[in-house]
Amino acid sequence: MVKNVKKLTSLAMLSAIAFVVVALIRIPAVQFLKYEPKDVIIVIGGFIYGPLASLIISVVVSVVEMVTISTEGIIGCIMNIISTCSFACTASFIYKKNRSIKGAIAGLFVAIIVACSVMMLWNYLITPIHMGLEREVVAAMLLPIFLPFNLVKGALNMGITLLVYKPIVKALRRARLIDDVQKPVVDTKAVNDSLDASFVEDNAKAKPSLNARKVSIGVYILGAFLIITGALFILVIRGII
C-alpha cells in the first residue's frame, strides 16, 4: 500500500514538473514547430517505473495542457500523446529489458528513430486536417521540415535525459518517493555497466569504481554533445548563426 502511494505521488510530481516545463519552455524551431522538453521528464518516469508510467504521464500532461495553455484542441492533444509516447515508451521499454547504461542509450537512440518514423506518418495524416493545409503541401514538408525537427528534438531529449536523470532520481530518493536500489549479486563488469551503479548512489553508498566513473563521464559528455548539437542546429535553421 505504501509503495503504491509512493508511486502515485511520484507520478503526480513528475506530471506536474512536465506540465511546468511545457508551460515555461517553448523554443521556436522552424515554421510553426516548437521544441518543448517535457519528454525528458516523461522518459525519466518511464525509466523509473516502466513504459506504462510514461503513457500515464503523457496522457495526463497532454490533457491538462489542452484545457489550460494550448489552443490546438483535441487534435493537438492526440498528436502530443502520440509524439511523446512513441519516444518515451519506446526508450523505457528497451531500458526495462536491459537496465544498464548501454540499455538506456540504446533505448533513447531507438526511440528517436521510432518517434521520427511515427510522426512522419501522423503528420502526413493529421496535419492537413489540423492546420487546414493541402495534403500535398504537408507531404512536401515531411523531409525538409518535420524529419529534421524530430531528429533534433529527439537528440535534445536524449542529451538532457542523460544529464538530469541522476539529479532527479537522487531528489526523489531524498524525498523517500522511490526506494533505494538494492545492490544485486552480480559480477564486477555488470555492476560497472549498471545505470543504477553509475548514475545513482546505492543504499550502501559504496565508492563507485573507476570504470563506473569513466562511464558516467562518457554519458555526460554524450549528453552535452547532443544538446549543443541540437541547439546549434536550431540556431542555424532559424538563421541566427
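## Ser15 in helix H1

Beyond its neighbours within four places in sequence, Ser15 makes contact with Ile57, Val60 and Val61. The residue belongs to helix H1, which covers residues 2-24. Ser15 counts as buried because its relative accessibility is 10%, under the 20% limit for that class. The model described here is predicted.

## Overall architecture

The secondary structure of the protein chain consists of nine helices and two strands. Read from the N terminus, the order of elements is α-β-β-α-α-α-α-α-α-α-α.

The protein chain has 241 residues, and 44% of them count as buried. Among its contacts with a separation of 6 or more, 70% join residues 24 or more positions apart. The accessible surface of the protein chain is about 12400 Å², with 69% of it belonging to carbon and sulfur atoms.

## Lys38 in helix H2

Lys38 lies in helix H2, which spans residues 38-49. Is Lys38 buried or exposed? Lys38 counts as buried, because its relative accessibility is 2%.

With residues up to four places away in sequence left out, Lys38 touches Ala18, Val21, Val22, Val61, Ser62, Glu65, Asn80 and Thr84. One of these partners, Val22, is 16 residues from Lys38 in sequence, and the C-alpha atoms of the two are 5.6 Å apart in space. Val61 is also among the contacts of Ser15.

## Nonpolar cores

The largest nonpolar core contains 40 residues, of which Val43, Phe47, Ile48, Phe87, Leu108, Met158 and Tyr165 touch the most other members. At least two residues of this core come from each of H1, H2, helix H3 (51-68), helix H4 (73-97), H5, helix H6 (135-174) and helix H9 (210-237). A second, separate core has nine residues, including Met141, Leu142, Ile145 and Phe149.

Ile48 is one of the core members named above. Apart from residues up to four places away in sequence, Ile48 touches Arg99, Tyr165, Val169, Leu172 and Ile178. Of these, Tyr165 is likewise listed among the core residues that touch the most other members.

## Geometry of helix H5

Helix H5, residues 101-131, has a kink of about 40° centred on Asn123. Gly132, just after H5, adopts a positive phi of about 70°.

## Internal cavity

Rolling a probe the size of a water molecule over the atoms shows where empty space is left. The structure holds one cavity of 30 Å³ or more. The largest cavity encloses about 60 Å³ of space.

Which residues line the largest cavity? The lining consists of Asp39, Ser83, Phe87, Ala115, Met119, Asn150, Lys153, Gly154 and Asn157. H4, H5 and H6 each contribute at least two residues to this lining, and H6 gives the largest share, with four residues. Phe87 also appears among the residues of the largest nonpolar core that touch the most other members.

## Largest pocket

The largest pocket has a volume of about 660 Å³. Its lining is made up of 26 residues, with Phe32, Leu33, Lys34, Glu72 and Asn80 nearest the centre of the pocket. Asn80 is also a contact of Lys38.

Strand E2 (33-35), H4, H5 and H6 each provide at least two residues of the pocket lining. The largest share, six residues, is supplied by H5.

How values were computed
Residues are numbered from 1 along each chain as its sequence is written. This is a predicted model: local features need pLDDT of at least 70, side-chain atom pairs count only at pLDDT 80 or more; totals for chains, interfaces and linings use all residues. Side-chain values use heavy atoms; hydrogens and water are left out. Buried means under 20% relative accessible area, exposed over 50%, partly exposed in between (1.4 Å probe, protein chains only). Contact means heavy atoms within 4.5 Å. The bend at a residue is the angle between axes fitted to the seven residues ending there and the seven starting there. A nonpolar core is a set of buried Ala, Val, Leu, Ile, Met, Phe, Trp, Tyr and Cys residues joined through side-chain atoms within 4.5 Å. Accessible areas come from the Shrake-Rupley method with a 1.4 Å probe; for residues, only the protein chains shown count as cover. On a 1 Å grid over the protein atoms alone, a cavity is a set of points where a 1.4 Å probe fits but cannot get out, and a pocket is an open set with protein on both sides within 12 Å along at least five of seven lines; lining residues have an atom within 4 Å of a point. Grid points are joined across faces, edges and corners, and a volume is the space filled by probe spheres set on the points.
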